[in-house]
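Work through these exercises with the structure open. Try each task before you read its solution.

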Amino acid sequence: MIDIDFSQQLVEAKLAKLNISKSAGPDNIHPRVLKELKEVLSLPISLIFQTSYANGIVPEDWKNANATAIHKKSDKHIADNYRPISLTSVICKLMESIISDALVCHMKSNNLFTNKQFGFLKGRSATLQLLNVLDDWTKLLDAGISIDVVYTDFQKAFDTVPHQRLMMKLNSYGIHSKVLTWIRSFLIGRKQRVVITGYESMWTSVISGVPQGSVLGPILFLIYISDIVENLSCNAYLFADDMKLFSGITSDLDINKLQTDINTISTWTDKWLLKLNAHKCKIMTVGKSYNDQTRTYQLDSQNLCAVTEEKDLGVLIDNDLQFENHILSKIKTANRITGLVRRNFKNIDFPGFLLLYKSMIRSHLEYAQTVWSPHKVKLIEALEKVQKRATKILPGLRHLSYSQRLQKLHLPTLVYRRARGRHDRGV
């Protein structure tokens, strides 16, 4: 790797892009202060970065984090259903951002990232990954071939990355010298505490993992997991730690090939100390099953649970690729939020309504719509009905027809927006 530049001009540009709505870390230095004083602070911060990098030492205050629990799913009374997110020093995040840009540039210029990884990389989104997967699946289905898909689930993947093995991988990818020394100092000796409604726990040491909520952590994880798809004979796609493995099934040989790849992944996780949760790994057959028989796959001597639908990167995918349940669930969510807006904003004006509608209601109806765009009339009408109902919230528009309401609000129909989206993406 070439040396990393921490010039005053680069630091000032990074300060100018700070989001002032973000929270401060344990040092209580707020991003708004840094952004508004960027012309004054850019030089001393640049000198601090240069000194830290040259000596390979991360200040102790930068290694402290306030851990906030974010609910993931299911019962809110169970601690395992929460994800810890670290609030760290904003100034440290600036330096991480510069180093992260250099790491990504190095990995991409040397083709070291697998092209099957879509997480945390610019220009590679969840929707793009789903489109690539569906393209592979529809080619097999058009040929009359069913597909077995394995959805894997890692146990606390970000929190269990072993530091020494990560250092070894970074070195093998040509990331060494000063940058490797700085990353080692960044990871080792970290501390965190839990902060809930103003109450703070005792500080505790973090002995493994890459910090979630940091800038550098996700890139380090991508580097660590990048080679998991090597030596696989079946297709595999990654989005950070979410991985799916699939193969067209035409004979028992294809079944054995997929099982061999599952065993290969299990061997990789044993070697690199990232554990798969066999109880949460799923198998789904897309299309008509080969020989009309239920196929069984195993992970660590446990049979994988067979499902007929699975949530994949926010989209509920069913085994016949109709997406009806996904669409109905999004309609239900959008209608619930519409009712919430109607009850709490009695005298809302046009700009306020449009802001709430576009961000809180329509966004649910359009996430990854190029993947699940409906072709059935009943689903097309059901989606449009959500917008028809929402536009009646404004008292001055209730007496108008749907087309007149859209004209007043300068809103197109959802059908038009989906058609335009497909045209813009060449779908």
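**Exercise 1: A residue in a helix**

Task: Where does valine 33 lie, and is valine 33 buried, partly exposed or exposed?

Solution:
- Start with the location. Valine 33 is in helix 2, which covers residues 31-36. Note that this is a predicted model.
- Next, take its relative accessible area, which is 44%.
- Now apply the cut-offs: buried means under 20%, and exposed means over 50%.
- The value of 44% lies in between, so valine 33 is partly exposed.
- Last, look at its surroundings. Val33 forms a nonpolar patch on the surface with Leu37 and Val40. Together the three have about 260 Å² of accessible area.

**Exercise 2: The nonpolar cores**

Task: Which residues have the most contacts inside the largest nonpolar core, and which helix gives the largest share of this core?

Solution:
- Begin with the general rule. In soluble globular proteins, nonpolar side chains tend to be buried together.
- Here, the largest nonpolar core holds 71 residues. Phe49 and Ile183 have the most contacts inside it.
- Helix 4 (residues 90-109) supplies the largest share of this core, with 10 residues.
- Zoom in on isoleucine 183. Set aside its neighbours within four places in sequence. Isoleucine 183 then touches Leu103, Met167, Leu170, Leu216 and Leu220.
- Another core lies apart from the largest one. This other core has 47 residues, including Leu313 and Leu409.

**Exercise 3: A hairpin**

Task: How do the side chains of strand 13 point, and how does strand 13 run relative to strand 14, parallel or antiparallel?

Solution:
- Recall the pattern first. In a regular strand the side chains alternate between the two faces of the sheet.
- Check strand 13, residues 309-312. Glu310 and Asp312 point to one face and are buried. Glu309 and Lys311 point to the other face and are not buried.
- Now find the partner. Strand 13 is joined to strand 14 (residues 315-318) by four bridges, and the two run antiparallel.
- One pairing involves lysine 311, whose bridge partner in strand 14 is leucine 316.
- Finish with the turn. Two residues separate the strands of this hairpin. Leucine 313, in the turn, has a positive phi of about 55°. Leu313 also belongs to the core of 47 residues.

**Exercise 4: The whole chain**

Task: How many helices and strands does the chain have, and what share of its residues is buried?

Solution:
- Count the elements: 15 helices and 14 strands.
- Of the 427 residues, 46% are buried.
- Turn to the surface. The accessible surface comes to about 21,900 Å², and carbon and sulfur atoms hold 53% of it.

Note on methods: Residues numbered from 1 in each chain as written. Predicted model: local features only at pLDDT ≥ 70, side-chain atom pairs only at ≥ 80, totals over all residues. Heavy atoms only, no water. Patch = residues over 30% accessible without salt bridge, like charges linked within 9 Å, V, L, I, M, F, W, Y side chains within 5 Å. Areas by Shrake-Rupley, 256 points an atom, 1.4 Å probe, with all protein chains shown as cover. Salt bridge = Lys/Arg side-chain N within 4 Å of Asp/Glu carboxyl O. Buried < 20%, exposed > 50% of the residue type's maximum accessible area, 1.4 Å probe, protein only. Core = buried A, V, L, I, M, F, W, Y, C linked by side-chain atoms within 4.5 Å. Contact = heavy atoms within 4.5 Å. Pairing = 2+ DSSP bridges.
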